[in-house]
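Welcome! Please take a moment to look over the sequence and the model, and then we can walk through them together.

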Amino acid sequence: MLKRSIRHAFGLAAPLARFARRFRREDGGAVAVWFAVLALPMAVLAFGLIDVNRASVEKRRLQDALDAATLLAARSNYNTTAEIDALGDRALADELAGMTKARLTDSTFTVSGQRIISSAKAQVTPVIANLWLQGDMEVTASAEVARSATNVEVSLVLDVTGSMKGQKIIDLRDAANELVKIVVNDNQTLFYSKVAIVPYAVAVNAGSYAGAARGTFDTNTKAITGASWATGSAKSISGATRGNPVVITSNGHGFANGDGVYITGVKGMTSLNNRAYIVAGRTANTFQLQGVNGGSYSSYSSNGTVQKCQVPDCSPVVTSNGHGYVNGDRVYITGVNGMTDINNRGFVVGNATANTFSLGVVGGGFKAYTSGGSIWCARAGCKYFAFDNAESPSALKAFEISNCVTERTNGDAYTDASPGASPLGRNYASPDNPCLTNTITPLSSNKETLKAQIDALQASGSTGGHLGVAWGWYLVSPNFASLFPTASQPAAYGTSNLIKAVVIMTDGEYNSSYCNGVISADSTNGSGATADHINCNAPNGHSFTQTQTLCTEIKKKGILVYTVGFNVVDDQRARDLVSQCATGPKYVYMPTGGTALKEAFAAIAKDLTRLRLAK
């Protein structure tokens with residue numbers, strides 16, 4: 001009808017144009033006559049063209065509104081024509097409300113396989129064109145939208161470190177929920193869309209999957225039946241010199257050179273108290289304190305006792321029949337009654353016999369053992385790990401294994417090889433920088449489950465960002481499928497109509513890498529106390545370096561990588577990571593506030609679930 005009105009308008013215009021040319025050639029008073037003749041039809045033509053233009057504008061508005069309504073219908077979870085038609089009609093009416101003077105007379109939305117096909121008609125009342133038209137002008141529009149037939153697996157890697165505390169973690173929860181809301185469809189019949197969540201801080205908490213991911217650990221224990229550090233009765237001290245070495249007078253002490261002794265209760269020369277010594281230069285009533293110069297000590301005045309030790313270093317000797325340990329082994333002790341000073345600590349085995357060994361720490365002043373106690377192995381791979389710390393390499397620290405998982409340091413460090421064939425690294429976390437409480441969530445299309453996990457995110461700890469990126473890969477890797485329930489298992493690489501994506505969100509503060517499951521000596525500022533670091537460097541290098549290599553390998557698998565740098569720290573390595581890890585420039589987002597973060601996640605979600613107008 002719109003085309004017919006245009007033909008009528010221009011059919012009238014042609015003879016008027018010829019008439020105008022003749023009008024220009026005429027001379028004299030006849031001009032006024034001719035002008036009067038021309039005025040009316042030219043006015044009709046002008047107003048008629050206005051009507052035609054109005055109809056053209058309304059047609060464009062109708063088309064735009066129909067496109068939007070059809071897209072909305074296509075993105076819905078409805079599958080029947082009746083449902084789609086009802087939704088489309090409502091959406092079209094909403095789109096047209098207040099933006100058009102045309103009257104919508106008909107609209108249809110139908111389902112045809114994976115396509116939504118729509119059409120609409122509207123009427124426009126002309127001002128002048130009805131002189132040659134019968135009734136209103138009719139405008140029409142049609143649209144066809146191809147419903148996405150692509151399955152989507154998205155791994156959401158979220159920075160929940162201490163630097164994200166406060167408003168930042170609140171903003172992150174909102175943004176992550178927005179992505180889930182857009183990506184995950186309620187109806188998974190035609191295609192599936194699943195999201196996995198990887199919170200990361202000091203490491204990644206694999207939760208119930210930790211054992212299968214990093215392998216089991218040694219939990220064998222040996223029972224303790226006794227523990228003591230002293231032998232014989234204490235002897236009284238009656239004198240002490242300020243010489244080099246100090247000479248102690250204790251009549252009839254009975255000690256031999258090389259014995260270990262422990263002194264308490266001296267007055268005056270109090271520097272001698274509560275320390276272990278080796279006996280040297282002994283006589284019947286005196287002995288030297290080997291290597292001790294008393295020149296700077298106060299003078300002895302009175303009192304004091306000296307107690308012989310079971311072993312020269314005066315450490316407790318533990319009895320555990322058939323314990324199986326040898327000198328140099330590391331052990332951890334729990335559950336001792338009485339001598340509780342040795343509980344929850346790591347020790348180096350010394351003076352080992354078949355049924356006893358010493359603990360290598362001075363036991364003078366420890367309470368007497370009464371009962372109970374267990375000995376655990378304390379090497380890497382055991383429930384507890386006693387290690388030389390980076391601040392004082394001669395001093396032991398001991399941490400318990402956690403459900404967090406760290407990097408592999410073998411040839412599979414930068415692969416997604418199955419954990420069954422190549423277990424991941426263990427994590428022994430400091431109580432002051434513990435394994436985060438938020439666990440991974442494997443691929444899921446359950447919005448409520450995903451939202452609950454996101455809403456529970458808490459910010460704390462240092463940043464092992466490379467571990468977050470690695471697990472972002474693992475949760476969409478078919479090589480890790482056996483780790484998860486069937487519904488959460490990633491599809492094979494190369495599956496048709498499948499998008500795999502990893503979304504990496506970070507503020508850029510990567511600082512924690514690992515050696516033997518403990519934060520390494522070369523980890524950088526923000527990774528916790530040096531005394532809680534192990535005295536060895538990370539075999540795989542800095543967390544930034546590991547992340548860049550992982551991103552390269554992830555992209556080789558055809559996985560899309562989006563990066564979101566949220567208020568990124570002023571560190572060129574952080575900026576490089578955000579820009580270089582992504583699949584390309586259009587996959588990089590650098591939001592600087594909560595609103596921008598939410599918009600970035602929404603943009604990524606829409607890109608992953610984009611629909612296209614077929615025609």
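What follows is a short tour of the disulfides, the nonpolar cores and the salt bridges. Keep in mind along the way that this is a predicted model.

Let us begin with the cysteines. The structure holds five disulfides. If you number the bonded cysteines of the protein chain in sequence order, they pair as 1-2, 3-4, 5-6, 7-8 and 9-10.

One of these links is formed by cysteine 377 and cysteine 382, whose sulfur atoms sit 1.9 Å apart. Its torsion about the S-S bond is -120 degrees, and the link is left-handed. Both cysteine 377 and cysteine 382 are buried.

Another disulfide connects cysteine 515 with cysteine 536, at an S to S distance of 2.0 Å. The torsion about this S-S bond is about -115 degrees, so the disulfide of cysteine 515 and cysteine 536 is left-handed. Cysteine 515 belongs to strand β26 (residues 514-515), while cysteine 536 lies in the loop between β27 (518-519) and α8 (543-556), so the pair ties together parts that are 21 residues apart in sequence. Are these two cysteines buried or exposed? Cysteine 515 has a relative accessible area of 8% and is buried, whereas cysteine 536, at 22%, is partly exposed.

Moving on to the helices, cysteine 551 is joined to cysteine 581 by a disulfide with an S to S distance of 2.1 Å. Here the torsion about the S-S bond is about 90 degrees, so this disulfide is right-handed. Cysteine 551 lies in helix α8 and cysteine 581 in helix α9 (residues 572-581), so the pair ties together parts that are 30 residues apart in sequence. Cysteine 551 counts as buried at 1% relative accessibility, and cysteine 581 is buried as well, with a relative accessible area of 0%.

Next, turn to the interior. The largest nonpolar core has 82 residues, and those with the most contacts inside it are Leu158, Leu172, Val183, Val195, Ile440, Trp471 and Phe601. Helix α4 (residues 167-183) supplies the largest share of this core, with eight residues. What does valine 195 touch, leaving aside residues up to four places away in sequence? Among its contacts are Val154, Leu156, Leu179, Val180, Pro442 and Leu450. There is also a second, separate core of 22 residues, which includes Ala55, Ala69, Ala102 and Met137.

Finally, consider the charged side chains. Side chains of opposite charge can pair when their charged atoms come close. The count in this structure comes to 15 salt bridges. In one of them, lysine 397 pairs with aspartate 532, their closest N and O atoms being 2.6 Å apart. This salt bridge links distant parts of the chain, with lysine 397 in strand β22 (residues 396-400) and aspartate 532 in the loop between β27 and α8, 135 residues apart. Lysine 397 is partly exposed at 27% relative accessibility, but aspartate 532 is buried, with a relative accessible area of 11%.

A salt bridge within a helix is formed by aspartate 455 and lysine 451, with the closest N and O atoms 2.6 Å apart. The two residues are four apart in helix α6 (residues 447-455), so about one helical turn separates aspartate 455 from lysine 451. Aspartate 455 counts as partly exposed at 34% relative accessibility, and lysine 451 is partly exposed with a relative accessible area of 43%.

Note on methods. Residues numbered from 1 in each chain as written. Predicted model: local features only at pLDDT ≥ 70, side-chain atom pairs only at ≥ 80, totals over all residues. Heavy atoms only, no water. Disulfide = S-S within 2.5 Å. Buried < 20%, exposed > 50% of the residue type's maximum accessible area, 1.4 Å probe, protein only. Core = buried A, V, L, I, M, F, W, Y, C linked by side-chain atoms within 4.5 Å. Contact = heavy atoms within 4.5 Å. Salt bridge = Lys/Arg side-chain N within 4 Å of Asp/Glu carboxyl O.
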